[in-house]
Amino acid sequence: MSFCPPLLLQNQMVLTRTTPVLFSAFGGQSSYDVGSVDDVDEAIVSTVDFLGGFAEINESSLDEKDTSFGVVAGYRFNSYFGLEVGYVDLGAAEYSAEGVINVGGPTLGFEADASFEASGPTASVVGVLPVSGAFDLYGKGGIFFSSGSATTIAASTAANTGSLS
């Protein structure tokens, strides 16, 4: 088995003609399309309102970008066909909020943090069309076996709803 240095083309690996085995790694920035922080705030307030309560978010933040990375190993069986397997981590999106909430009892202050992340193995089939001695066209199709997780942590405290005279 020989080692071939990674060849990247728009964060995609390319199997070479000179060696049938390839190892590659890539990294970059991922971005989740969650919407704006105002959209997430409104979804929370609307949900509490639907349940017959009241919520007001005083401060919130949303970070949809994170570092992503992956590793891939591939084997080119002949001039026209190859397989790739790998692992991809797409990073996380994180949301945090502070405010007050009332769902039928006393008005409480709350702090909430939520995150979503996705990662998992990949498998691809690569079709290659040799054009010249130094140039190939290739197409690839595959599957990402994503394992996503969402975590939410919320804490409440008695809210200061006014001052006594």
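Is F116 buried, partly exposed or exposed? With a relative accessible area of 36%, F116 is partly exposed, because the class between buried and exposed runs from 20% to 50%. The structure is a predicted model, and the account below starts from this residue and moves outward.

F116 belongs to one of the three aromatic pairs that a search of the whole structure finds. Its partner is Y32, and the two rings meet edge-to-face, with 5.7 Å from centre to centre and 90° between the planes. This pair links distant parts of the chain. Y32 sits in the loop between strand 3 (21–31) and helix 1 (37–50), whereas F116 is in strand 7, 84 residues apart from Y32. Y32 has a relative accessibility of 16% and therefore counts as buried, since the limit for that class is 20%.

Another aromatic pair is formed by F77 and F81. Their ring centres are 5.4 Å apart and their planes are at 25°, so this pair is stacked; the angle has to be under 30 degrees for that label. Both residues are partly exposed, F77 with a relative accessible area of 47% and F81 with 34%. Ring pairs also bring in Y75, so that Y75, F77 and F81 make up a cluster.

Strand 7 also takes part in the nonpolar interior. The largest nonpolar core consists of six residues, namely V40, I57, Y95, A97, F110 and A112. Strand 6 (81–102) and strand 7 each contribute at least two residues to this core. One member, I57, can be followed through its contacts. Setting aside neighbours within four places in sequence, I57 touches D41, I44, V45, Y95, A97, E98, G99 and F110. Among these contacts are Y95, A97 and F110, which are also listed in the core.

Further along strand 7, which spans residues 108–130, lies S124. S124 has a relative accessibility of 15% and counts as buried. What does S124 touch beyond residues up to four places away in sequence? Its contacts are G82, L83, E84, K140, G141 and G142. The C-alpha atoms of S124 and G86 are separated by 8.8 Å, although these two residues are 38 residues apart along the chain.

The next element to consider is strand 8 (residues 136–144). Strand 7 and strand 8 pair in the antiparallel sense over nine bridges. A hairpin of five residues joins strand 7 to strand 8. Within this pairing, V126 has K140 in strand 8 as its bridge partner.

K140 leads on to the salt bridges, of which there are two. In one of them, K140 pairs with E84, and the closest N and O atoms are 2.9 Å apart. This pair links distant parts of the chain, with K140 in strand 8 and E84 in strand 6, 56 residues apart. The two partners differ in exposure: K140 counts as partly exposed at 30% relative accessibility, whereas E84 is buried, with a relative accessible area of 5%. Both K140 and E84 are among the residues that S124 touches.

Another salt bridge joins R76 to D136, with the closest N and O atoms 3.2 Å apart. R76 lies in strand 5 and D136 in strand 8, so the pair ties together parts that are 60 residues apart in sequence. Here R76 is buried, with a relative accessible area of 6%, and D136 counts as partly exposed at 22% relative accessibility.

How far the model can be read depends on where one looks, and confidence is given here as pLDDT. The mean pLDDT of the protein chain is 82, and 84% of its residues reach 70 or more. Which elements have the lowest and the highest mean pLDDT? Strand 1 (residues 8–9) has the lowest, at 37, and strand 5 (residues 65–76) the highest, at 94. R76, the salt-bridge residue described above, lies in strand 5.

Two stretches call for attention on this point. Over residues 1–13 the pLDDT stays under 50, and the model has 38 contacts beyond four places in sequence for this stretch. Over residues 161–165 the pLDDT also stays under 50, and the model has one contact beyond four places in sequence there.

How values were computed: Residues are numbered from 1 along each chain as its sequence is written. This is a predicted model: local features need pLDDT of at least 70, side-chain atom pairs count only at pLDDT 80 or more; totals for chains, interfaces and linings use all residues. Side-chain values use heavy atoms; hydrogens and water are left out. Helices (H or I, at least four residues) and strands (E, at least two) are DSSP runs, numbered from the N terminus. Buried means under 20% relative accessible area, exposed over 50%, partly exposed in between (1.4 Å probe, protein chains only). Contact means heavy atoms within 4.5 Å. A nonpolar core is a set of buried Ala, Val, Leu, Ile, Met, Phe, Trp, Tyr and Cys residues joined through side-chain atoms within 4.5 Å. Rings of Phe, Tyr and Trp (its six-membered ring) pair if their centres lie within 6.5 Å; planes under 30 degrees apart count as stacked, over 60 as edge-to-face and the rest as tilted. Two strands pair if DSSP finds at least two bridges between them. pLDDT is the predictor's confidence in each residue, from 0 to 100. A salt bridge is a side-chain nitrogen of Lys or Arg within 4 Å of a carboxyl oxygen of Asp or Glu.
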